[in-house]
Amino acid sequence: MTKPLDPEMFDPLCPSDLVPIRVGDKWAGMIIQCLAGGPRRFSELRVPLRGITPKVLTQSLRALERDGFIVRTVHAGPARHVEYELTSLGRSLLDLLDAARAWAEAHLDELIDAREARSPANRTS
């Protein structure tokens with residue numbers, strides 16, 4: 001049995017949209033991180049990804065499956081359920097995502113300053 005995902009796995013105050021390197025959509029990198037420890041059910045993924053709607057999670061999972069990063073397995077039987085798991089291609093992204101996260105953490109202040117300096121509220125026309 002896999003250890004449950006930590007509900008605080010992703011800091012809700014972390015501006016993940018500032019990370020300049022993305023795989024797929026806004027949520028794909030976080031989904032991949034959630035699957036790093038092994039297969040997960042849809043409901044398990046929703047714990048640390050509390051800001052995602054079921055519809056968007058479904059769309060993200062389908063896109064990751066289409067691109068070969070995850071595999072979806074339906075387990076038949078009386079307790080039918082679906083699990084998502086990283087493929088070897090998906091696992092190959094883990095080091096890249098760790099490096100991108102470390103870079104973003106090291107440059108977070110600069111990223112925030114740049115974003116704020118270019119926000120519509122700070123522009124003069």
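Which residues have the most contacts inside the largest nonpolar core? In this predicted model, they are Ile31, Leu45, Leu49 and Ile70, within a core of 22 residues. The elements that contribute two or more residues to this core are α1 (28-34), α3, β3 and α5 (94-106). Of these, α1 gives the most, with five residues. As a general background, nonpolar side chains tend to be buried together in soluble globular proteins. The following paragraphs describe the overall arrangement of the chain, then the sheet, and then several individual residues.

The chain contains six helices and three strands. Read from the N terminus, its elements follow the order α-β-α-α-β-β-α-α-α. The chain has 125 residues, of which 29% are buried. Among contacts with a separation of 6 or more, 57% are between residues 24 or more positions apart.

The three strands form an open sheet in the order β1-β3-β2, with antiparallel pairing. Strands β1 and β2 stand at the edges and have a single partner strand each, so one side of each is left without a neighbour in the sheet. The pairing of β1 (residues 40-41) with β3 (residues 81-86) is antiparallel and comprises two bridges. Within this pairing, Arg40 has Tyr84 of β3 as its bridge partner. Strand β2 (residues 70-75) also runs antiparallel to β3, and six bridges join the two. Here Ile70 stands opposite Leu86, while Val71 has Glu85 as its bridge partner. The hairpin of β2 and β3 has five residues between the strands, and Gly77 in this hairpin takes a positive phi near 125 degrees. In a regular strand, the side chains alternate between the two faces of the sheet.

Two residues of the sheet may be considered in more detail. Arg40 lies in strand β1. The relative accessibility of Arg40 is 4%, under the 20% limit, and this residue therefore counts as buried. The side chain of Arg40 makes a polar contact of 3.1 Å with the side chain of Glu44. Beyond four places in sequence, Arg40 touches Thr2, Lys3, Pro4, Leu5, Cys34, Leu35, Leu45, Val82, Glu83 and Tyr84. Tyr84 is located in strand β3. With a relative accessibility of 9%, Tyr84 likewise counts as buried. Residues up to four places away in sequence being set aside, Tyr84 touches Leu35, Gly38, Pro39, Arg40, Phe42, Leu45, Leu61, Ile70, Val71 and Arg72. Although Tyr84 and Val71 are 13 residues apart in sequence, their C-alpha atoms are 5.7 Å apart in space.

Leu45, one of the residues with the most contacts inside the core, is also in contact with residues of the sheet. When neighbours within four places in sequence are left aside, the contacts of Leu45 are Leu5, Cys34, Leu35, Arg40, Leu57, Leu61 and Tyr84. The strand residues among these contacts are exemplified by Arg40 of β1 and Tyr84 of β3.

A buried polar residue is found among the helices. Ser60 belongs to helix α3 (residues 54-66). The relative accessible area of Ser60 is 1%, and Ser60 is therefore buried. The side chains of Ser60 and Asp25 are joined by a polar contact of 2.6 Å. Apart from neighbours within four places in sequence, Ser60 is in contact with Asp25, Trp27 and Ile31. Of these partners, Ile31 is one of the residues with the most contacts inside the largest nonpolar core.

Further along the chain, helices α5 and α6 (residues 108-117) pack with their axes 4 Å apart, at an angle of about 70 degrees. This angle makes α5 roughly perpendicular to α6. The contact involves Trp103, Ala104, Glu105 and Ala106 of α5, together with Leu108, Glu110 and Leu111 of α6.

How values were computed:
Residues are numbered from 1 along each chain as its sequence is written. This is a predicted model: local features need pLDDT of at least 70, side-chain atom pairs count only at pLDDT 80 or more; totals for chains, interfaces and linings use all residues. Side-chain values use heavy atoms; hydrogens and water are left out. Buried means under 20% relative accessible area, exposed over 50%, partly exposed in between (1.4 Å probe, protein chains only). A polar contact is a pair of N or O atoms within 3.5 Å; within protein, one must be able to donate a hydrogen and the other to accept it, and residues adjacent in sequence count only if both atoms are side-chain atoms. Contact means heavy atoms within 4.5 Å. Two strands pair if DSSP finds at least two bridges between them. A nonpolar core is a set of buried Ala, Val, Leu, Ile, Met, Phe, Trp, Tyr and Cys residues joined through side-chain atoms within 4.5 Å. Axes are lines fitted to C-alpha atoms, for helices over the stretch in contact, and angles run from 0 to 180 degrees between N-to-C directions. Angles under 35 degrees count as roughly parallel, over 145 as roughly antiparallel, 65 to 115 as roughly perpendicular and the rest as oblique.
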